[in-house]
Structures are given as C-alpha cells and as structure tokens.
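Please read the points below alongside the sequence and the model. They are meant for someone who has not worked with this structure before.

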Number of protein chains: 2
Amino acid sequence: MNDSYHHGDLRRALIDAAVAAVAESGPAALSLRAVAKRAGVSHAAPAHHFGDKAGLLTAVAAEGFDRLADTLEAAWDDTGDFAAVGAAYVRFAIDHRPHFAVMFRPELLHGDDADLRRASGRSTDALHRGSGGGGDGFNPAAVAAWSLAHGFAELLLAGNFPQEVKDDPEAAFRAVGYATGLGLD
Amino acid sequence: MNDSYHHGDLRRALIDAAVAAVAESGPAALSLRAVAKRAGVSHAAPAHHFGDKAGLLTAVAAEGFDRLADTLEAAWDDTGDFAAVGAAYVRFAIDHRPHFAVMFRPELLHGDDADLRRASGRSTDALHRGSGGGGDGFNPAAVAAWSLAHGFAELLLAGNFPQEVKDDPEAAFRAVGYATGLGLD
DNA sequence: ACCCTGTCTTGACGGTGTCAAGATCTGCGC
DNA sequence: GCGCAGATCTTGACACCGTCAAGACAGGGT
C-alpha cells in the first residue's frame with residue numbers, strides 16, 4: 001500500500017525534499033509548499049500523505065531514530081564500550097544534521113505516532129544495551145552517556161564550542177570522555 | 001532612550017508576552033501578531049522595537065543568558081564544584097523553560113546581536129570559571145560538565161527520560177554525576 | 001509657535017497551513 | 001474489454017502570518 005503511486009514514490013520524495021529543506025534553513029523555516037514545489041507536485045499533496053506539517057516532520061524524525069538505532073547497534077557490535085557508542089552518537093548528529101534537528105523537538109512532532117514511537121524505542125533500547133536491563137528504568141550510567149553525547153552534539157551544532165572543537169569534534173569528544181569516568185568500565 | 005514610551009515600557013511588555021507565548025506552545029508556533037495582541041498594541045508594534053521576529057527572540061535569548069550567568073555565578077559562590085554548577089544549570093532549564101527553549105537555537109536568532117553576544121559570553125565565562133583560564137580555549141573538563149548538564153536538560157525537557165527521572169530531576173542528575181568522575185576534583 | 005524625533009497605528013502585499021471539492025489514475029471483479 | 005471503487009493528486013478558497021510603507025500622534029528642544 002505504500003509504493004507505486006502516480007508519482008512513483010511521492011511519500012519518499014517528500015521526505016527527501018523535507019530533509020533537504022531542513023538542511024538548508026532549519027525546521028522552523030520549513031514550508032510545506034516549498035517542499036511540494038521541490039518534489040514537483042501541487043501545494044496540497046503533502047497533506048494527503050502526512051496529514052499536516054507535523055506529520056511530515058514526524059516521518060523525518062522516525063527515519064532519523066531508525067538510522068540512529070542502526071548506528072548505535074553497529075557501534076556496540078564493533079567495539080562494545082560506552083565511549084565508542086557516544087562517539088557514534090556524535091558522528092550521527094553531524095552526519096544527519098537535518099534529521100537530528102527534528103528528532104528531539106516534540107513540539108514539532110506528533111508524539112503519539114506509532115512509527116515514531118517504535119523507532120524512538122529502538123534508539124533508546126540501543127542506548128541502554130550496554131547497561132544490563134531494558135530502556136524503561138533509570139540507569140544512571142546510560143543516562144550519563146546519553147546526556148554527555150547529546151549535550152556535546154547539541155552544543156557543537158549550535159556553535160557554542162571553540163574552533164579547536166569544531167575542527168575535530170571526534171577527538172574533542174574523546175578528550176571529553178576521558179575527563180569523565182565513562183570510558184573506564 | 002530605552003524607557004518612558006507612550007505605552008510605559010512596551011519593549012519589556014513584549015518580551016514578557018513572548019516568553020508567555022513560548023511557554024504555552026514553543027518558539028516555532030510563536031506569532032508576532034499574537035504577542036502584540038497579548039500586549040494590547042497593534043500588530044506592527046513589535047517590529048518597531050525588535051526589527052523582526054528573530055529580533056524579539058534574540059532579546060528573549062539574551063535575557064536568558066544573563067539570568068543563566070547569574071545562576072551559575074551564584075552556584076560557584078555557594079559551593080564551588082562542577083556538580084553543583086551542573087545541577088544549577090539543569091534547574092535553570094526547568095525553571096526558565098521558555099528562555100532555554102530559545103537560547104540554543106541559532107536559526108531563530110540574530111547571532112551577531114551585540115547584547116546576545118555579551119550575555120552569551122557571560123554564561124560561557126561563568127561555565128569555565130572552575131577550570132583555570134577563560135572561556136575561549138578548549139577545556140575538556142568544562143566542556144564535559146557543560147555537555148552533561150545541557151544534554152540532561154534537553155533530553156529531560158524533550159520527554160526522553162523515564163518517569164523516575166522526571167519525578168525528581170535533581171536527584172537523578174546527582175546520580176548521573178556520580179556515574180562520571182566530574183564531582184571528584 | 002514650530003519642527004523633529006521617537007512611538008505606535010493603519011493598510012497593504014505576498015506567502016503559508018489547512019480544508020473542501022473535484023479531477024485523474026490504478027487495480028480488480030466481472 | 002469494461003466499469004467502478006478507492007487511492008492519489010490538483011484546484012481553489014480561507015484565515016492567518018511577517019514585513020514594509022505611510023501616516024498619526026506626543027513631547028521636548030529651539
């Protein structure tokens with residue numbers, strides 16, 4: 001039911017157009033009509049697939065959480081320590097900036113969307129994988145690693161760090177990790 | 001030059017109205033016309049004081065950075081360790097949510113505004129006060145503390161933490177601090 | 001008295017999200 | 001083949017929005 005539209009795959013094309021638009025000028029300046037024009041369809045076409053603007057951004061966020069979960073799981077498989085997973089988190093934020101710019105902004109999304117909850121849950125589970133139980137309880141070490149990586153990524157992308165950090169964010173994040181005890185267990 | 005308008009102090013009233021509006025529905029949904037109506041003036045009055053929408057949000061952000069700097073300086077004076085300053089940072093984000101929701105979103109602000117830069121610099125300096133030199137170089141411990149507190153606050157406000165954390169954020173943040181080595185120097 | 005500057009209003013313009021209605025295509029039973 | 005039902009997309013309209021230009025208005029210095 002999801003593919004072979006008149007357009008080919010308009011849903012996919014609209015998500016890609018939205019990602020490109022967010023990459024250029026952020027989620028606040030995103031216009032459904034501009035996205036539609038970018039995809040070569042009429043101004044009301046997006047509403048049919050996503051309901052409203054928040055619906056489109058929700059689809060972008062869900063895609064982002066799925067890719068983030070993939071990234072984190074791969075980091076666990078490859079290395080298996082918090083520091084490497086944190087570095088993968090930071091790299092994801094840099095490499096998928098438009099997705100990241102939308103994923104943690106609930107006021108722009110439909111928080112009850114099933115696909116968003118599923119994908120977000122995958123990410124949370126992947127983050128807690130190194131700390132015993134599932135992602136539902138409060139695990140200080142996991143929350144610490146998540147907060148550290150997330151805060152570093154947000155502050156980096158917002159431009160709050162000195163040039164030395166911007167030049168090599170991964171090395172800086174490694175140094176930040178050493179400044180805490182997170183790499184040591 | 002800044003007080004005794006026809007209105008009394010319209011600039012202040014508009015900032016307060018903007019903060020209230022952001023508190024209700026976030027910065028993305030903020031409307032200059034709604035802010036003007038809230039303050040009881042015509043729809044174009046805000047433009048005269050702030051230029052445009054980003055100008056109004058810039059004033060809100062600058063006020064936020066000033067208050068944050070005050071908060072952090074008080075925390076240094078009272079206690080003098082990174083953990084307490086981090087806790088003060090988290091409390092600030094909770095207590096001044098509308099300000100915080102705007103302060104780290106450069107795409108909504110005029111990044112070159114003089115007052116914003118001054119206030120933001122005060123906050124950065126206050127954050128680095130416990131780590132030797134000024135706020136311009138890369139100090140891993142300071143960046144770690146900032147990232148941890150900022151990430152914790154963002155994830156908390158975005159609703160990404162379990163209920164146990166939401167119920168008592170400060171206790172949770174203390175536990176997160178213990179999970180790292182940040183409280184130990 | 002008079003103008004000048006700062007403050008605010010009025011009116012207009014193009015752009016935006018959303019809704020209702022209609023057009024067009026696709027697959028499927030017959 | 002054929003026609004119909006439903007999914008897909010377009011068209012047109014509406015209220016709202018940010019921004020700009022022009023004017024109204026007050027107060028102070030000359």
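1. Chain A has 185 residues and a radius of gyration of 18 Å, which agrees with the value near 16 Å for a compact globule of that length. The radius is taken over C-alpha atoms, and the globule rule is 2.2 Å times the number of residues to the power 0.38. Along its principal axes, the C-alpha trace of chain A spans about 55 × 40 × 30 Å.

2. This is a predicted model, in which local features need pLDDT of at least 70 and side-chain atom pairs count only at pLDDT 80 or more, while totals for chains, interfaces and linings use all residues. Residues are numbered from 1 along each chain as its sequence is written, and chains are lettered from A and ligands numbered from 1 in the order in which they are written.

3. How confident is the predictor in chain A? The mean pLDDT (the predictor's confidence in each residue, from 0 to 100) of chain A is 92, and 91% of its residues reach 70 or more. Among the elements of chain A, helix H6 (residues 97-103) has the highest mean, 98, and helix H10 (residues 169-179) the lowest, 93. Over residues 1-5 of chain A the pLDDT is below 50, and this stretch has 3 contacts in the model beyond near neighbours in sequence. Where pLDDT is low, the predicted coordinates should not be read in detail.

4. The secondary structure of chain A consists of 10 helices and 0 strands. Helices (H or I, at least four residues) and strands (E, at least two) are DSSP runs, numbered from the N terminus. Of the contacts in chain A with a separation of 6 or more, 66% are between residues 24 or more positions apart; two residues are in contact if their C-beta atoms, placed from the backbone, lie within 7 Å.

5. In chain A, 44% of the 185 residues count as buried. A residue is buried if 20 or more other C-beta atoms lie within 10 Å of its own, exposed if 12 or fewer, and partly exposed in between, with C-beta atoms placed from the backbone. Which residues have the most contacts inside the largest nonpolar core? They are Ala18(A) and Ala18(B), in a core of 119 residues. Such a core is a set of buried Ala, Val, Leu, Ile, Met, Phe, Trp, Tyr and Cys residues joined through C-beta atoms within 7 Å. Not counting residues up to four places away in sequence, Ala18(A) touches Leu30(A), Val35(A), Leu56(A) and Val60(A).

6. Where chains A and B meet, 38 residues of chain B are in contact with 36 residues of chain A. Helices H8 (140-157), H9 (163-167) and H10 (169-178) of chain B each give two or more residues to this side of chain B. H8(B) provides the largest share, 13 residues. By type, the residues on the side of chain B that touches chain A are 24 nonpolar, 10 polar and 4 charged. Here Ala, Val, Leu, Ile, Met, Phe, Trp, Tyr, Cys and Pro count as nonpolar, Asp, Glu, Lys and Arg as charged, and the others, Gly among them, as polar.

7. A turn of 180 degrees with a shift of 0.0 Å along the axis lays chain B on chain A with an RMSD of 0.0 Å. That is the relation of a two-fold axis. Copies are superposed by least squares on the C-alpha atoms of residues with pLDDT of at least 70 in both. Gly151(B) comes closest to the rotation axis of the residues of chain B, at 1.7 Å (C-alpha). The copies meet through the same surface, because 95% of the interface residues of chain B are also interface residues in chain A.

8. Is Glu170(A) buried or exposed? Glu170(A), in helix H10 of chain A, counts as exposed, with 12 C-beta neighbours inside 10 Å. Leaving aside its neighbours within four places in sequence, Glu170(A) is in contact with Ala87(A), Val90(A) and Arg91(A). Its C-alpha atom is separated by 41 Å from that of His43(A), 127 residues apart along the chain.
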